[in-house]
Amino acid sequence: MAKLNINGKVRDVQAEGETPLLWVIREQVGLTGTKYGCGVAQCGACSVHINGEVRRSCSVPVGSVKATDKIVTIEGLSRASSHPVQKAWAELDVPQCGYCQSGQIMAASALLKKNPNPTDADIDAAMTNICRCGTYQRIRAGVHMAADMAKKA
């Protein structure tokens, strides 16, 4: 049995050490906002924060996560979708199909925490998640809008 701190709540989970964190989050904890995309850490649909760093949970073995590590999923990013990135995404209608967007939002929020005023080049370098619908221009605009919203808050 492992203990995981997910969205501020310590949870006991039963999983082999090599089980991907993604499956524990979705199947045992029941938080389905974190999506399975590729399973090889390429697409970013499974992005979560671990100790403030964006990580692709499909490639993080649950055995490598300590009980003291703080895991944040899209459900734990903010109450009532009030995070500036979530607000900007809604205002600009960033998603098309939406499947990848929880991972995009987690990547964008991690970027803005490290760099509250990113340039287009900074955004392009940090936002390596794949969007099959090609909403990259709206994603970039959403990051800029969220940065502006955060400055005003």
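**View 1. The open sheet of five strands, in the order β2-β1-β5-β3-β4 and with mixed pairing.** The edges are formed by β2 (9-13) and β4 (53-56), each of which pairs on one side only, and the twist from one strand to the next averages 40 degrees. Strands here are DSSP runs of E with at least two residues, helices are runs of H or I with at least four residues, and both are numbered from the N terminus; two strands pair if DSSP finds at least two bridges between them. The model is a predicted one, in which local features need pLDDT of at least 70 and side-chain atom pairs count only at pLDDT 80 or more, while totals for chains, interfaces and linings use all residues. Residues are numbered from 1 along each chain as its sequence is written, and side-chain values use heavy atoms, with hydrogens and water left out.

**View 2. Strands β3 and β4 with the helix α4 that packs on the sheet.** Strand β3 (residues 47-50) runs antiparallel to β4 and is joined to β4 by four bridges, with Val48 standing opposite Arg55 of β4. Helix α4 (residues 101-114) touches β3, β4 and β5 (70-72), and the direction of α4 makes about 35 degrees with that of β3. Contact means heavy atoms within 4.5 Å, and angles, which run from 0 to 180 degrees, are taken between the N-to-C directions of lines fitted to C-alpha atoms, for helices over the stretch in contact.

**View 3. Two loop residues with positive phi, Asn51 and Ala80.** Asn51, in the loop between β3 and β4, has a phi of about 55 degrees although it is not a glycine, and Asn51 is partly exposed, with a relative accessible area of 43%. Ala80 lies in the loop between α2 (74-77) and α3 (84-92); its phi is near 55 degrees, and at 80% relative accessibility Ala80 counts as exposed. Buried means under 20% relative accessible area, exposed over 50%, and partly exposed in between, with a 1.4 Å probe and protein chains only.

**View 4. Helix α6 (residues 136-152) and its buried side.** The 17 residues of α6 reach 25 Å from the first C-alpha to the last, close to the 24 Å expected at 1.5 Å a residue, a span taken as 1.5 Å times one less than the number of residues. Ile139, Arg140, Gly142, Val143, Ala146 and Ala147 are buried, and because they cover an arc of only 160 degrees around the axis, they lie on the same side of α6; the arc is that of the directions from the helix axis to the C-beta atoms. Their cover includes α3, α4 and α5 (120-126), whereas the face turned away from the buried side carries the exposed residues Gln137 and Lys152.
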